[in-house]
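Open the structure in your viewer and keep the selection tool ready. We will move from stop to stop.

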Amino acid sequence: MEHNKAHNTAHILTEALPYIQRFAGKTVVIKYGGNAMENEALKNSFARDIVLMKAVGMHPVVVHGGGPQIADLLNRLGKESKFIQGMRVTDNETMSVVEMVLGGLVNKEIVSLIQRNGGKALGLTGKDGGLIKARKLEIPAENGDTVDIGQVGEVESVNTEVLEMLAASDVIPVIAPIGADDEGRAYNINADFVAGAVAEVLKAEKLILLTNVAGLKDKQGEILTGLTSARVQALIADGTIYGGMLPKIQCALNAVEQGVTSSHIIDGRVAHAVLLEILTDKGVGTLITHQ
């Protein structure tokens with residue numbers, strides 16, 4: 001029995017070796033959220049994946065969300081959450097809560113998780129070192145005007161200096177998706193889009209979006225993978241990709257069209273999903289490349 005176990009371990013390591021060699025020195029941006037962020041066992045498996053990636057010479061960059069945690073604190077403060085077109089209306093008071101939860105509680109918990117599992121991590125928001133310059137997100141209304149949803153932003157630019165400095169060290173950056181404009185006004189930004197923008201400017205090898213689904217499925221419920229951007233556009237056109245998956249796919253698509261080698265939409269409910277996607281032949285989600 002022990003012999004079989006050792007044999008299996010050797011098999012796994014030899015399968016992983018070519019991937020480790022191929023991706024050593026390469027940047028991998030991981031958007032962390034959903035179930036993977038709320039279940040203790042999955043939290044630890046995620047942290048160990050990130051630590052192992054850094055240990056074998058990759059440069060992981062973590063970008064995290066925190067919608068449920070924000071909603072929970074607003075609820076406890078007696079402040080109602082209001083959404084327009086799926087976006088949280090963010091007034092000044094809500095923005096203070098967003099900064100506390102994302103930049104404080106959630107960010108530092110992920111930093112601690114990585115450090116408990118033997119890595120070194122540094123928590124940042126987009127405000128630190130002028131990392132993410134943001135502008136107000138304009139939401140079009142049906143009458144052609146724009147809807148004001150407050151301090152919700154989009155990425156205008158990313159300053160890579162801090163991230164490049166960390167990549168050259170043994171420290172893993174953990175980024176909260178908050179940006180600031182030239183006046184220092186803070187904006188809450190969708191974490192998928194922050195991850196995509198960071199992957200693009202770093203010319204990352206991979207953008208990995210952890211989700212609460214098994215990946216992108218066809219109309220028969222089979223997981224689709226090995227998709228090119230042209231095939232993804234066709235799947236959007238024929239209605240296979242719709243609803244909540246559209247913004248994620250758009251984000252993955254934009255990244256490969258801007259020079260990221262591949263985007264991955266993977267199941268964050270699977271233990272060690274990140275390692276399984278990067279270091280095994282089969283993977284655990286949907287892989288998208290430009291060509």
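This tour visits a sheet, one of its strands, a few single residues, a pocket and a cavity. Keep in mind that the model is predicted.

**Stop 1: the sheet**

Show the strands as arrows. Look for an open sheet of eight strands. Trace the order across it: β5-β10-β2-β1-β13-β15-β16-β14. The pairing is mixed. Now select residues 120-125, which form β5, and residues 227-228, which form β14. These are the edge strands, and each pairs on one side only.

**Stop 2: strand β1**

Select residues 27-32. This is strand β1. Is β1 largely enclosed or open? Six of its six residues are buried, so β1 is largely enclosed by the rest of the structure. Colour its two faces to check. Thr27, Val29 and Lys31 sit on one side, while Val28, Ile30 and Tyr32 sit on the other. Both faces are covered.

Next, add the partners of β1. Select residues 59-64 for strand β2, which runs parallel to β1 and is joined to it by six bridges. Find Thr27 and step across to His59, its bridge partner in β2.

Then select residues 206-211 for strand β13. It also pairs with β1 in the parallel sense, over four bridges. Two residue pairs are worth clicking here. Val29 has Leu207 as its bridge partner in β13. Ile30 has Ile208.

Now add helix α2, residues 40-55. Together, β1, α2 and β2 make a right-handed β-α-β unit.

**Stop 3: Val28**

Stay in strand β1 and select Val28. Is Val28 buried or exposed? Its relative accessible area is 1%, and buried means under 20%, so Val28 is buried. Which residues does Val28 touch, beyond those up to four places away in sequence? Show Met53, Met58, His59, Pro60, Val61, Lys206, Ile208 and Ile278 as sticks: these are its contacts.

Try a distance too. Pick the C-alpha atoms of Val28 and Arg269. They are 20 Å apart, with the two positions 241 residues apart along the chain.

**Stop 4: Thr289**

Go to strand β16, residues 285-289, and select Thr289. This residue has a relative accessible area of 24%, so it counts as partly exposed. Show its contacts, leaving aside neighbours within four places in sequence: Leu227, Thr228, Ser229, Val256, Thr261 and Ser262. Then pick Ile266. From C-alpha to C-alpha, Thr289 and Ile266 are 15 Å apart in space, and they are 23 residues apart in sequence.

**Stop 5: Leu13**

Select helix α1, residues 2-23, and find Leu13 in it. Is Leu13 buried or exposed? With 56% relative accessibility, Leu13 counts as exposed. Now draw a line from its C-alpha atom to that of Asn75. The separation is 46 Å, for residues 62 places apart along the chain.

**Stop 6: the largest pocket**

Turn on the surface. Rolling a probe the size of a water molecule over the atoms shows where empty space is left. The largest pocket holds about 1100 Å³ of space. Where should you centre the view? Select Gly86, Met87, Asn190, Ala191 and Asp192, which lie nearest the centre of this pocket. In total, 42 residues line it. Several elements give two or more residues to the lining: α3 (67-76), β4 (87-88), β9 (152-158), β12 (186-189), α6 (191-201), β13 and α8 (245-257). Colour the lining by type. You will find 19 nonpolar residues, 16 polar and seven charged.

**Stop 7: the largest cavity**

How many cavities of 30 Å³ or more are there? The count comes to one. The largest cavity has a volume of about 60 Å³. Select its lining: Ala36, Leu42, Ser45, Phe46, Asp49, Leu210, Gly268, Val270, His272, Ala273 and Val274. Helix α2, which you met at β1, gives the most to this lining, with four residues. Along with α2, α9 (273-279) supplies at least two residues. By type, the lining divides into seven nonpolar, three polar and one charged.

Methods:
Residues numbered from 1 in each chain as written. Predicted model: local features only at pLDDT ≥ 70, side-chain atom pairs only at ≥ 80, totals over all residues. Heavy atoms only, no water. Pairing = 2+ DSSP bridges. 1 Å grid on protein atoms, 1.4 Å probe; cavity = no way out; pocket = protein on both sides within 12 Å on 5 of 7 lines; lining within 4 Å. Points joined across faces, edges and corners; volume = space filled by probe spheres on them. Nonpolar A, V, L, I, M, F, W, Y, C, P; charged D, E, K, R; others polar. Buried < 20%, exposed > 50% of the residue type's maximum accessible area, 1.4 Å probe, protein only. Contact = heavy atoms within 4.5 Å. Right-handed = clockwise from strand over helix to strand, strands pointing away.
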